[in-house]
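Open the model in your viewer and keep the selection tool handy. We will go from stop to stop, choosing a few residues each time and looking at what surrounds them.

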Amino acid sequence: MAEIVYPPVIGAALTMFRVLDMKIRIEGAENIPRTGGAVLVSNHISYLDFIFAGLAARPAGRLVRFMAKKEVFDHRISGPLMRGMHHIPVDRAAGASAFGAALKSLKSGEVVGVFAEATISRSFTIKDIKNGAVRMAVAAGVPMIPIALWGTQRLWTKGRPRKLTQRHVPVTILVGEPMNPKRGDDYDAATVELRTRMAELLDKAQRGYPQIPQGVWWQPRHLGGTAPTPEEAAEMDAAEAAARRSS
């Protein structure tokens, strides 16, 4: 497919990162195949995660087609960009069409990016995930690759003001070893294993981060930060969902 939009967007992002002297570390990029389909499964802590998760595939020369909520595609600014980069809209009221579109991309040799937690984790830990990524990988016969991002929440996350012009912010991107679930496997068990691997990668990224201050909002509670606990975050998410339904 024609790539008119994606390369310039990547170029603009990389230029901005250089201007801001952002310290980006990518580890494990060799785990992303240079050819053929693959499902990249990333944690979700920032509105900018698709940019950084996509960077993980850049050493392999790949462009990632991310699955994102339909509302992003409806926006007058982000919509044309998302469509131009051939990302995949997800309408939660009609999820089968998004699954079908992702499957078509995978079978044609594309790399598809998934945020399996569905929404941003306010606790900065891995939320419960569903087995959609596993089902997708099995149906397409492609590997599934876990990714952990850390530091992106400092730029723009849920409930916090945007700080897109911060300088010298470290961002860690860790790519795990591929998983190869097959037909006949227990999809729920494979999903538990995927979540475990993502949690291990995230813990490694957090503990190896160049800056580990105590008492800051962007650090998880179990590492001395003031972010909500997973239980508190779940309550906040439930309250938000209830307010959205009643509006």
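Select V39 and V112: the two are bridge partners, with V112 sitting in β5. Keep in mind as you look around that this is a predicted model. Now widen the selection to strand β2 (residues 38-42), which runs parallel to β5 and is joined to it by five bridges. Add strand β3 (residues 64-69) as well; β3 also pairs with β5 in the parallel sense, over three bridges. Here V64 is the residue that stands opposite V111 of β5.

Stay on β5 and show its side chains. Which way do they point? V111, G113 and F115 point one way, V112 and V114 the other way, and all are buried. The strand is thus mostly covered, with five of its five residues buried.

From F115, move on to F50 and F66: ring pairs link these three into a cluster. Seven aromatic pairs are counted in the model. For one of them, select F17 and F52, whose rings are stacked at 5.0 Å centre to centre with 20° between the planes. F17 belongs to helix α1 (residues 6-19) and F52 to helix α2 (residues 49-55), so this pair ties together parts that are 35 residues apart in sequence. Are these two rings buried or exposed? F17 counts as buried at 10% relative accessibility, and F52 is buried with a relative accessible area of 1%.

Next, pick F124 and W150, an edge-to-face pair with 6.0 Å between centres and 75° between the planes. F124 is in the loop between β5 (111-115) and α6 (132-140), while W150 is in strand β6 (residues 144-150), so the pair links distant parts of the chain, 26 residues apart. Both rings are buried: F124 has 3% relative accessibility and W150 has 0%.

Keep F124 selected, and add R122, T157, K158, G159, R160, W217, T226, A227, P228 and M236; together they line the second largest pocket. About 170 Å³ of space lies in this pocket. Try colouring the lining by residue type: five residues are nonpolar, three polar and three charged.

For the last stop, look for charges placed over rings. Select R154 and W218: the charged end of R154 sits over the ring of W218, 4.3 Å from its centre. Then select R162 and W156, where the charged end of R162 sits over the tryptophan ring, 4.9 Å from the ring centre.

Definitions and conventions: Residues are numbered from 1 along each chain as its sequence is written. This is a predicted model: local features need pLDDT of at least 70, side-chain atom pairs count only at pLDDT 80 or more; totals for chains, interfaces and linings use all residues. Side-chain values use heavy atoms; hydrogens and water are left out. Rings of Phe, Tyr and Trp (its six-membered ring) pair if their centres lie within 6.5 Å; planes under 30 degrees apart count as stacked, over 60 as edge-to-face and the rest as tilted. Helices (H or I, at least four residues) and strands (E, at least two) are DSSP runs, numbered from the N terminus. Buried means under 20% relative accessible area, exposed over 50%, partly exposed in between (1.4 Å probe, protein chains only). A charge sits over a ring if NZ of Lys or CZ of Arg is within 6 Å of the ring centre and within 35 degrees of the ring normal. On a 1 Å grid over the protein atoms alone, a cavity is a set of points where a 1.4 Å probe fits but cannot get out, and a pocket is an open set with protein on both sides within 12 Å along at least five of seven lines; lining residues have an atom within 4 Å of a point. Grid points are joined across faces, edges and corners, and a volume is the space filled by probe spheres set on the points. Ala, Val, Leu, Ile, Met, Phe, Trp, Tyr, Cys and Pro count as nonpolar, Asp, Glu, Lys and Arg as charged, and the others, Gly among them, as polar. Two strands pair if DSSP finds at least two bridges between them.
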